[in-house]
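Grab your viewer and work through these exercises with the model loaded. Try each task yourself before you read the solution.

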Amino acid sequence: MRKLTSRMMTGLVLVLFYLTLLPFVAHGLGMVGIGLSQDAAGQSYLFSDRRDVGNAAMILHILTGMLLVTLVLLQLLRGLRSRFTRFHRMLGRLLVALALITGLAGMTYIPLRGTIGGPLMSAAFFLYGLCLFTAGLMVARMALVRDRAGHWAWGLRLFWLALGSWLYRLHYTIWYLLTGGLGSRPDFSGPFDLIQSFAFFVPYLLIAQIWIARRRSGHQGPLVTAP
Ligand code: HEM
């Protein structure tokens, strides 16, 4: 009975997640289409008509970022992990590659074009990219040196960072539904926008860190389970 309830809960979380992700993915693909079109700069401030590295970095960034956020939840499913170990490993490698490319492309774009919200948002997004890139590298490194505890800890950080761009939109959606957009401005200079520049990844990393520390001190059972 407990197993059935847990399966139903997992199913519900997955359905809710993918339903909320759908408009975001549709938007992302739309932006890629715009980026590849003749009049990219006319249709979005993200692109310039020089069709240079900045445009290419943004298109690549959106494509790999979309794949990353779409696939990352599958990596946490216990059933898939234990029954299809090869799939888990292959997906893990793909997620690391996607995280590295997404982070790198974003960090290339920011110094070239900045962000709509100005220097603070640019700094926050750059930090986010750096965290994602580092987590991707560390997950791979921990797997290579067979440090299972380290691999688990960095995997957890990578998971929350990979969800970051979805969490960013989720925070905005909930806030607009609740307050009509209080403290948010179209140029992202409102107090809510400034807080949001960091609030979609820093608190989640802190909570993950507390969780990891509690596990390390033995509060939550063994750090890693048998495969
Ligand atoms: C994790 C998966 C990610 C996904 C799915 C994603 C997706 C997107 C999308 C769809 C846009 C276009 C937004 C729009 O239409 O206004 C965008 C913009 C942007 N992203 Fe990401 N992103 C991700 C991660 C990152 C990371 C790690 C960085 C930091 C290096 C980053 C930096 C940026 C920047 C600077 C912009 C332009 C912001 C602006 O001025 O409006 N993103 N991203």
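**Exercise 1. Is T102 buried or exposed, and what does T102 touch?**

Step 1: T102 has 8% relative accessibility, so T102 counts as buried (buried is under 20% relative accessible area, exposed over 50%, partly exposed in between, using a 1.4 Å probe and protein chains only).

Step 2: Place T102 in the fold; T102 sits in helix α5 (helices are DSSP runs of H or I with at least four residues, strands are runs of E with at least two, and both are numbered from the N terminus).

Step 3: List the contacts, meaning heavy atoms within 4.5 Å. Leaving out residues up to four places away in sequence, T102 touches H61, T64, G65, L68 and L132.

Step 4: Look for something polar. The T102 side chain reaches the backbone nitrogen of G65 at 3.3 Å (a polar contact is a pair of N or O atoms within 3.5 Å; within protein, one must be able to donate a hydrogen and the other to accept it, and residues adjacent in sequence count only if both atoms are side-chain atoms).

Step 5: Cross-check from T64. T64 lies in helix α3 and is buried, with a relative accessible area of 8%. Apart from neighbours within four places in sequence, T64 is in contact with L98, I101 and T102.

A word on the ground rules: this is a predicted model, in which local features need pLDDT of at least 70 and side-chain atom pairs count only at pLDDT 80 or more, while totals for chains, interfaces and linings use all residues. Residues are numbered from 1 along each chain as its sequence is written, and side-chain values use heavy atoms, with hydrogens and water left out.

**Exercise 2. Which protein atom is the donor to the iron atom of the ligand?**

Step 1: Set the cut-off. Donors are N, O and S atoms within 2.8 Å of the metal (3.2 Å for Na, K and Ca); water is not among the atoms, so sites may look incomplete.

Step 2: Apply it. The protein gives the iron a single donor, NE2 of H61, 2.1 Å away.

Step 3: Locate the residue. H61 is in helix α3, and H61 is also among the residues that T102 touches.

**Exercise 3. Which residues touch the most other members of the largest nonpolar core?**

Step 1: Define the set: buried Ala, Val, Leu, Ile, Met, Phe, Trp, Tyr and Cys residues joined through side-chain atoms within 4.5 Å.

Step 2: Read off the hubs. The largest such core has 45 residues, and F17, F47, L68, L161, L163 and W166 touch the most other members. At least two residues of this core come from each of α1 (2-36), α3 (53-71), α5 (85-113), α6 (119-144), α7 (148-162) and α8 (164-179). Helix α3 gives the most, with 8 residues.

Step 3: Zoom in on W166. W166 is in helix α8 and buried at a relative accessible area of 13%. Not counting residues up to four places away in sequence, W166 touches F17, T20, L21, F24 and V69. The C-alpha atoms of W166 and V25 are 9.7 Å apart, with their positions 141 residues apart along the chain.

Step 4: Do likewise for F17. With the sequence neighbours up to four places away set aside, F17 touches V69, L73, L163 and W166.

**Exercise 4. What geometry does the F125 and F200 pair have?**

Step 1: Fix the criteria. Rings of Phe, Tyr and Trp (its six-membered ring) pair if their centres lie within 6.5 Å; planes under 30 degrees apart are stacked, over 60 edge-to-face, and the rest tilted.

Step 2: Classify. The whole structure holds 15 aromatic pairs. F125 and F200 form an edge-to-face pair, at 5.7 Å centre to centre and 70 degrees between the planes.

Step 3: Map the pair. F125 lies in helix α6 and F200 in the loop between α9 (191-199) and α10 (202-216), so the pair ties together parts that are 75 residues apart in sequence.

Step 4: Compare accessibility. F125 is partly exposed at 23%, whereas F200 is buried at 2%.

Step 5: Widen the view. One aromatic cluster includes F125, Y128, F188 and F200.

**Exercise 5. Where is F188, and what is the sign of its phi?**

Step 1: F188 is in the loop between α8 and α9.

Step 2: Its phi is positive, about 60 degrees, although F188 is not a glycine. Most residues other than glycine have a negative phi.
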